[in-house]
Amino acid sequence: AFYFQRAFHYSWLGFFVGFFIWYAITPVLNEVKKSLDLTKEEVWTSSITGVTGTIFTRLMMGPMCDVYGARISMGVILILASIPVGLFGIVQNAFDLALL
């Protein structure tokens with residue numbers, strides 16, 4: 001029974017970290033918009049690229065879970081997704097923001 005409890009807690013923790021990564025910039029978006037002098041269209045483009053990345057990731061997770069299992073797939077996605085979150089501090093323009 002301990003194995004199932006551990007799997008449950010790791011899954012909700014991974015889900016929480018995924019939400020944290022997805023919404024990391026949202027609370028400070030107005031400040032980012034001011035400091036980078038972004039237009040409304042550039043902010044919209046950044047949001048659209050974020051959604052596109054999410055769709056791509058979700059499409060990749062199915063085959064990854066089939067081949068490697070959910071635990072390894074979730075770990076890899078969380079580790080890879082933490083890199084752009086850490087790089088938000090070095091964004092200089094709209095292209096960098098959309099890229100991350």
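**Exercise 1.** Which residues form a nonpolar patch on the surface, and how much accessible area do they have together?

*Solution.* The model is a predicted one, in which local features need pLDDT of at least 70 and side-chain atom pairs count only at pLDDT 80 or more, while totals for chains, interfaces and linings use all residues. Residues are numbered from 1 along each chain as its sequence is written, and side-chain values use heavy atoms, with hydrogens and water left out.

Step 1: candidates for a patch have over 30% relative accessible area and no salt bridge, and nonpolar side chains (Val, Leu, Ile, Met, Phe, Trp, Tyr) are joined within 5 Å; a salt bridge is a side-chain nitrogen of Lys or Arg within 4 Å of a carboxyl oxygen of Asp or Glu.

Step 2: the patch consists of Val67, Tyr68, Ile72, Val76, Leu80, Ile83, Leu87, Ile90 and Leu100, which together have about 850 Å² of accessible area, by the Shrake-Rupley method with a 1.4 Å probe.

Step 3: H3 and H4 are the elements that give two or more residues to this patch, and H4 gives the most, with five.

**Exercise 2.** Classify Leu87, Gly86 and Asp37 as buried, partly exposed or exposed.

*Solution.* Step 1: buried means under 20% relative accessible area, exposed over 50%, and partly exposed in between, with a 1.4 Å probe and protein chains only.

Step 2: Leu87, in helix H4, has a relative accessible area of 34% and is therefore partly exposed.

Step 3: Gly86 is also found in helix H4, and because its relative accessible area is 58%, Gly86 is exposed. The C-alpha atoms of Gly86 and Ile21 are 9.7 Å apart in space, although 65 residues separate the two in sequence.

Step 4: Asp37, in the loop between helix H2 (29–36) and H3, reaches 66% relative accessibility and so counts as exposed; Asp37 also has a positive phi of about 55° although it is not a glycine.

**Exercise 3.** Describe the lining of the second largest pocket.

*Solution.* Step 1: a pocket is an open set of points on a 1 Å grid over the protein atoms alone, with protein on both sides within 12 Å along at least five of seven lines, and lining residues have an atom within 4 Å of a point.

Step 2: there are 13 lining residues, with Ala7, Tyr10, Ser11, Ala70 and Arg71 nearest the centre.

Step 3: helices H1 (2–22), H3 (40–68) and H4 (70–87) each supply at least two lining residues, and H1 gives the largest share, seven.

Notes: 1 Å grid on protein atoms, 1.4 Å probe; cavity = no way out; pocket = protein on both sides within 12 Å on 5 of 7 lines; lining within 4 Å. Helix = DSSP H or I, 4+ residues; strand = E, 2+ residues; numbered from the N terminus. Patch = residues over 30% accessible without salt bridge, like charges linked within 9 Å, V, L, I, M, F, W, Y side chains within 5 Å.
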